[in-house]
Amino acid sequence: MEEQSRIPIVFKRTAVIIGSVAGSEINNRTEVRFIPREIGDVKPNEVLTAGGEWFRDQSDAEDADSEAFQGLLVCGLGVTDTGLDWESDPEGEPSVDNVDPLTFGWDKYAHKKGLSDSRYFFEVVAKPTEEAKDRFPGKEVSELNADWLPNQEETTKNTNHAGDEYAHGDDDDSEEDKPVVRIVRIQWRERVKQVEYINPQTGQKDKMPADKFEALSKRVPLNIPSRKFTKWVWYQAFLGKSAILERNQPDPDGPTFNVMTGHWDRKDKRFYGLLRSMKDPQKFANKWLSQTLHIINSNAKGGVMVEQGAALDQEQFEESWAAADGVTWMRDGAIANNRMAEKPKAQMPVALMSLTEFAISAIRDTSGVNLELLGMRDANQPGVLEYQRRQSAMTTMARFFDSLRFY
């Protein structure tokens, strides 16, 4: 449209609906609570609940959850990373951070709620070069940058953005000159054989790797009850250009990534959020508005068909015709003999505004968010009816809030 000297109108009506649903989550935030299930569990569960509240308060987990929930509404995926920050505090500072869904990946065969069946997760971390060198001492910058990852230009279909003509690639830059390097942080699970046995010193159940238990049994006969079993154990590694930069184990019982998932598209094999259904109606609404403005602008001054010699001065005629307060001189009899005529104007389509109103209302219809939930209903109706309509709108959002509960 810009190449045709037309004005593209972009009204972001979907942002209001996304903000309304995200605001509902902020105003009704959930809390972590440990519930006793057996006699004698009340006191321990009170301690666990207080510990969970302390951890979430220290790490501002509520803000990270709200950001992840908004990512869930927009692109169908919300991710947080829960762990301890050993650099801020030697004893471990509680940390719950929001992870950008566009830098997060998972097992392509996983599709259950919360990606609970995923065998691995990974995150592409962009770090400043100096910070990456301090984080992984002894490694060269060329070893840190995972250049085997596709560039953003290779994975983006639409690159026609304003300012692209001023963008410069960094293909000719050396690795040392790059201000940012990309490192892949991956967490995966492996099957490990373990042995559960009764510790003779404490009398409680304990666990030990099977190979270690067998080696110990060969040296010292252990006549204690035991059983073998297999469990999943999680590991973590940081990947550079062609080698593993570091390998550790933050939590052997599970990943530190926690995921919220939206609707599952069985055809495209991906999750999607609330925004997907509203994209086309918003595009259509902006299209009709741009088309209306173009018709109005093109018909504002109009055109004229004039016989040669009808005007006294052709240049003065062309300059003064478009001016409403200008004087246009014609030859005697030119107007009476109809030697000039206005060009026929394009009529405004009757259904144009109806299509525009339909597209605008379709944004709310496809999302399931009504005017009552947005607080924009201008009608004299009972409060009970207002509340029921708000609840009906929240019912359509139940899938996303259920994913938040599962998270």
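This is a short talk on the fold, two helices and the inner spaces of one protein chain.

Hi everyone, and thanks for coming. Before we start, please keep in mind that the model on the screen is a predicted one.

Let's begin with the whole chain. It has 407 residues, and 31% of them count as buried. Along the chain you can find 13 helices and 13 strands. How do the contacts spread along the sequence? If we take contacts between residues at least 6 apart in sequence, 67% of them join residues at least 24 apart. As for the outside, the accessible surface comes to about 27,400 Å², and carbon and sulfur atoms account for 51% of that.

Now let's zoom in on a helix. Please find H3, which runs over residues 61-75. How far apart should its ends be? With 15 residues at 1.5 Å a residue, the helix should span 21 Å, and the end C-alpha atoms are indeed 21 Å apart, so the two values agree. For the expected span, you multiply 1.5 Å by one less than the number of residues.

Which residues of H3 are buried? They are Ala 61, Ala 64, Asp 65, Ser 66, Ala 68, Phe 69, Gly 71, Leu 72 and Leu 73. Here is a handy rule to keep in mind when you look at such a list: an α-helix has 3.6 residues a turn, so residues three or four places apart point the same way. Just after H3 comes Gly 76, with a positive phi of about 85°.

Next, have a look at helix H2, residues 42-59, where Thr 49 is found. Is Thr 49 buried or exposed? Its relative accessible area is 13%, so Thr 49 is buried, because the cut-off for buried is under 20%. And what does Thr 49 touch? Leaving out residues up to four places away in sequence, Thr 49 touches Val 32, Arg 33 and Phe 34. Val 32 is 17 residues away from Thr 49 along the chain, yet their C-alpha atoms are separated by 6.9 Å.

Let's turn to the spaces in the model. The second largest pocket holds about 1,400 Å³ of space. Several elements give two or more residues to its lining, among them strand S2 (93-99), helix H4 (129-135) and strand S5 (180-198). Which element gives the largest share? That is S1, with five residues. In total, 39 residues line this pocket, and those nearest its centre are Asp 81, Thr 82, Gly 83, Arg 185 and Thr 256. By class, the lining has 15 nonpolar, twelve polar and twelve charged residues.

Finally, the cavities. There are two of 30 Å³ or more. The largest cavity has a volume of about 40 Å³, and its lining is made of Glu 25, Arg 29, Thr 30, Arg 56, Glu 62, Asp 65 and Leu 404. Five of these residues are charged, one is polar and one is nonpolar. You have already met Asp 65, by the way: it was one of the buried residues in H3.

The second largest cavity has a volume of about 30 Å³. Its lining includes Gln 187, Trp 234, Tyr 235, Gln 236 and Thr 256. Strand S7 gives the most here, with three residues. This lining has four nonpolar, four polar and one charged residues. Thr 256 may sound familiar too, as it is among the residues nearest the centre of the second largest pocket.

That's my tour, and thank you for listening!

Definitions and conventions:
Residues are numbered from 1 along each chain as its sequence is written. This is a predicted model: local features need pLDDT of at least 70, side-chain atom pairs count only at pLDDT 80 or more; totals for chains, interfaces and linings use all residues. Side-chain values use heavy atoms; hydrogens and water are left out. Helices (H or I, at least four residues) and strands (E, at least two) are DSSP runs, numbered from the N terminus. Buried means under 20% relative accessible area, exposed over 50%, partly exposed in between (1.4 Å probe, protein chains only). Contact means heavy atoms within 4.5 Å. Accessible areas come from the Shrake-Rupley method with a 1.4 Å probe; for residues, only the protein chains shown count as cover. On a 1 Å grid over the protein atoms alone, a cavity is a set of points where a 1.4 Å probe fits but cannot get out, and a pocket is an open set with protein on both sides within 12 Å along at least five of seven lines; lining residues have an atom within 4 Å of a point. Grid points are joined across faces, edges and corners, and a volume is the space filled by probe spheres set on the points. Ala, Val, Leu, Ile, Met, Phe, Trp, Tyr, Cys and Pro count as nonpolar, Asp, Glu, Lys and Arg as charged, and the others, Gly among them, as polar.
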